[in-house]
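Please open the model in your viewer and keep the sequence panel visible. The stops below proceed by selection, each with a short account of what is found there.

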Amino acid sequence: MPTPYPFTALVGQDDLRLALLLNAVSPAVGGVLVRGEKGTAKSTAVRALSSLLPDVDVVPGCRFSCAPTAPDPQCPDGPHEVGPGAQRAARMVELPVGASEDRLVGALDIERALAEGVKAFEPGLLADAHRGILYVDEVNLLHDHLVDLLLDAAAMGASYVEREGVSVRHAARFLLVGTMNPEEGELRPQLLDRFGLTVEVAASREPEQRVQVVKRRLAYDDDPESFTARWAGEEADVRERIVAARALLPQVRLGDGALTRIAATCAAFEVDGMRADIVMARTATALAAWAGRTDVLAEDVRQAALLALPHRRRRNPFDAPGLDEDKLDETLDEFGPDDPAAEDDPEPDGPDDGGPDGGGGLPPRNGPQDGPEQEGPQEGSPQDDPEEPGAASQEAPEEPAGAPASGGAREQRAVSAGEPFRTKMLSVPGLGEGAAGRRSRARTEHGRTTGAVRPRGALTKLHLAATVQAAAPHQRARGRSGRGLVVRRDDLRQATREGREGNLVLFVVDASGSMAARQRMGAVKGAVLSLLLDAYQRRDKVGLVTFRGTGAEVALPPTSSVDTAAARLETLPTGGRTPLAAGLLKAHEVLRVERLRDPARRPLMVVVTDGRATGGPEPVKLAGRAAGLHATEGTASVVVDCESGLVRLGLAGQLAGQLGGTAVTLEDLRADAIAGLVKDVQGTNQTRRRAA
């Protein structure tokens with residue numbers, strides 16, 4: 001087993017280290033969600049924490065890590081007698097993005113349950129992580145139903161597995177840590193709220209700090225054992241401090257003054273529900289215990305707010321998480337002083353080396369030989385921070401290579417998007433088999449049962465009625481004598497289910513001079529922004545192709561990050577001729593590549609244009625040929641007609657006919673209008689298939 005990087009050797013990342021340590025002191029805080037760019041020590045910090053957790057006593061031979069002094073009375077391996085136990089290190093269990101539900105919660109042998117009445121249960125990762133750490137890298141890419149199961153277990157401290165009336169329950173209390181890169185897509189607000197704390201991490205821009213990171217990382221890579229030995233003393237100190245804080249935690253007093261500050265802060269920032277208040281209370285208590293105090297102070301409440309509230313303030317996917325610290329300070333100042341008992345002892349006994357970091361401080365800052373800590377060990381090449389003055393924006397689309405994009409016309413400044421509005425569903429016709437989502441009909445693992453088939457491989461969803469029907473005719477031949485049904489593997493039937501899938505929604509946006517009127521382009525961007533919001537809610541991937549001047553470009557390759565698409569749309573410039581054919585051909589190439597990468601995800605192309613085609617020889621004829629390519633391959637498409645004025649040429653409608661799709665005017669692109677549009681899209685494609 002490789003030697004983990006020492007936690008106390010991490011350079012900087014104070015908020016990340018503090019959040020992890022608070023959860024180690026009090027797992028009831030609810031876990032940590034770490035957000036940040038790649039190469040910022042997210043995974044390194046989590047793996048390093050596991051070596052700091054105290055060893056745990058377990059019942060020998062128990063697969064569910066029951067404590068020998070208080071074994072779980074409902075343990076599937078029980079009942080256990082109270083007595084001496086074996087000691088082992090706390091585990092860190094990693095949940096891979098592609099894990100199945102059975103791998104997470106455990107699997108029941110349905111065949112033995114039906115035939116023998118035995119609850120044969122194979123524990124999953126939740127059982128392995130009990131009394132340790134469960135780490136989910138790229139948690140935003142995990143299927144929503146798995147995230148729900150994971151967070152339910154973390155909140156209840158137990159996992160329940162039920163299959164056709166057979167159920168198993170076991171304890172599952174663990175420190176939950178998830179990491180994610182927001183550029184790859186956001187978690188739904190409902191799931192964000194289930195994480196206790198959140199931390200934003202970024203690479204340092206200070207050369208001295210980056211030098212320190214590289215020096216330590218190179219020293220560790222050259223000789224992990226020697227490097228770890230140099231930090232053994234600091235590691236032992238922090239481990240002892242965690243044990244002491246855990247012992248002190250039940251004695252910490254959360255007075256009425258601190259509770260009032262917590263409630264006032266949550267109300268001032270208009271967070272939904274009461275979970276934020278509870279998490280802040282637990283976090284502030286853990287901060288006091290970490291500082292060696294038995295009273296919660298205002299600094300604890302402030303630090304708890306900075307860790308527990310930022311991710312609970314998002315109202316839609318385009319809102320950036322964060323907290324106004326000036327408003328926070330005003331709220332805390334407005335609501336009374338701390339309890340007198342807490343104010344009587346401004347210098348409490350116990351370790352407190354955190355100083356300005358608030359709420360009880362952090363691990364020792366000075367490691368052996370190489371100076372103060374500044375920043376975390378990097379796992380890859382750091383990116384430029386878009387918040388830094390002068391740094392290159394990560395959101396602005398690049399200009400296409402070659403001739404000027406304006407095609408000889410002056411490029412116009414980007415126009416802000418209009419207000420988004422509610423849309424109704426656009427769906428792809430037919431029955432797909434793509435990733436779970438909320439748009440088009442598909443065969444899925446979750447949904448309404450539509451039939452039964454013989455299982456291919458392991459049985460996951462039993463169709464009980466079909467299984468009984470298959471086994472019933474053979475009972476006499478199998479020598480059935482009692483009440484139980486004699487079931488063989490050949491009798492088992494897998495349930496087929498129908499739900500919804502997510503699609504690839506590819507926006508092809510005309511940014512030429514004919515679209516450049518400020519009011520019209522603002523309305524166009526508002527319409528696309530509305531459809532992007534709808535794609536976020538339906539768990540789609542999105543892509544953005546723009547065309548203007550002399551060609552087309554992929555402003556955003558297909559991604560799950562809808563907020564990145566919105567940012568690219570906001571900075572979209574306009575001007576020049578209208579190379580419609582180039583835009584359609586670029587879209588065809590994007591879809592061709594995506595079919596190879598993810599053949600199960602069906603596309604929906606949304607073309608936003610007035611239908612004009614200019615520039616180059618025979619632009620209208622070329623556009624018609626390009627549209628024919630999409631029609632031949634059966635790509636579901638919608639053309640949003642942006643033509644305005646008293647005299648309209650109807651070119652967008654002609655383009656829709658060539659694509660085999662349907663057209664809708666920009667003025668009618670709202671919820672009531674789109675309801676009929678969905679039927680048109682489906683009807684047009686069904687007519688085309690019958691004709692073929």
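Are Phe227 and Trp231 buried or exposed? Select both: Phe227 is buried, and so is Trp231. Here buried means under 20% relative accessible area, exposed over 50%, and partly exposed in between, with a 1.4 Å probe and protein chains only.

Before proceeding, please note how the model is to be read. This is a predicted model, in which local features need pLDDT of at least 70 and side-chain atom pairs count only at pLDDT 80 or more, while totals for chains, interfaces and linings use all residues. Residues are numbered from 1 along each chain as its sequence is written, and side-chain values use heavy atoms, with hydrogens and water left out.

**The whole chain**

Select the entire chain and colour it by pLDDT, the predictor's confidence in each residue, from 0 to 100. The average pLDDT is 79, and 79% of the residues score at least 70. Among the elements, helix 12 (residues 275-290) has the highest mean pLDDT, 95, and helix 15 (residues 340-343) the lowest, 44. Two stretches deserve caution: residues 363-367 have pLDDT below 50, with 19 contacts in the model beyond near neighbours in sequence, and residues 673-680 also fall below 50, with 17 such contacts. A contact means heavy atoms within 4.5 Å. Where pLDDT is low, the predicted coordinates should not be read in detail.

In a cartoon view, the chain shows 22 helices and 20 strands. These are DSSP runs numbered from the N terminus: helices are H or I of at least four residues, and strands are E of at least two. Of the 692 residues, 52% count as buried. Among contacts between residues at least 6 apart in sequence, 80% join residues at least 24 apart.

**Helix 2**

Next, select residues 42-50, which form helix 2. Eight of the nine residues of this helix are buried, so it is largely enclosed by the rest of the structure. Among the buried residues are Lys42, Thr44, Val46 and Leu49. Ser43 also lies in this helix, and at a relative accessible area of 7% Ser43 is buried. Add Tyr135 to the selection: a polar contact of 2.5 Å joins its side chain to that of Ser43. A polar contact is a pair of N or O atoms within 3.5 Å; within protein, one must be able to donate a hydrogen and the other to accept it, and residues adjacent in sequence count only if both atoms are side-chain atoms.

**The loop between strand 2 and strand 3**

Display Phe64 and Phe121 as sticks. A pair of aromatic rings is described by the distance of the centres and the angle of the planes. Rings of Phe, Tyr and Trp (its six-membered ring) pair if their centres lie within 6.5 Å; planes under 30 degrees apart count as stacked, over 60 as edge-to-face and the rest as tilted. The structure holds five aromatic pairs. The rings of Phe64 and Phe121 have centres 6.1 Å apart and planes at 15 degrees, so this pair is stacked. Phe64 is in the loop between strand 2 (56-58) and strand 3 (86-88) and Phe121 in strand 6 (residues 121-123), so the pair ties together parts 57 residues apart in sequence. Phe64 is buried at 2% relative accessibility, and Phe121 is buried at 7%.

Ser65 lies in the loop between strand 2 and strand 3. Its phi is positive, about 55 degrees, although Ser65 is not a glycine, and at a relative accessible area of 1% Ser65 is buried. Pro79 is also in the loop between strand 2 and strand 3; a cis peptide bond, with omega about 5 degrees, joins Gly78 and Pro79.

**Further aromatic rings**

Add Tyr5 and Tyr220 to Phe227 and Trp231: ring pairs link these four residues into a cluster.

Then select Arg241 with Trp290. The charged end of Arg241 sits over the ring of Trp290, 3.9 Å from its centre. Lys327 lies over the face of Phe269, at 5.0 Å from the ring centre. A charge sits over a ring if NZ of Lys or CZ of Arg is within 6 Å of the ring centre and within 35 degrees of the ring normal.

**A last stop**

Finally, select Glu618, in the loop between strand 18 (603-609) and helix 20 (619-632). At 52% relative accessibility, Glu618 counts as exposed. Its phi is positive, near 50 degrees, in a residue other than glycine.
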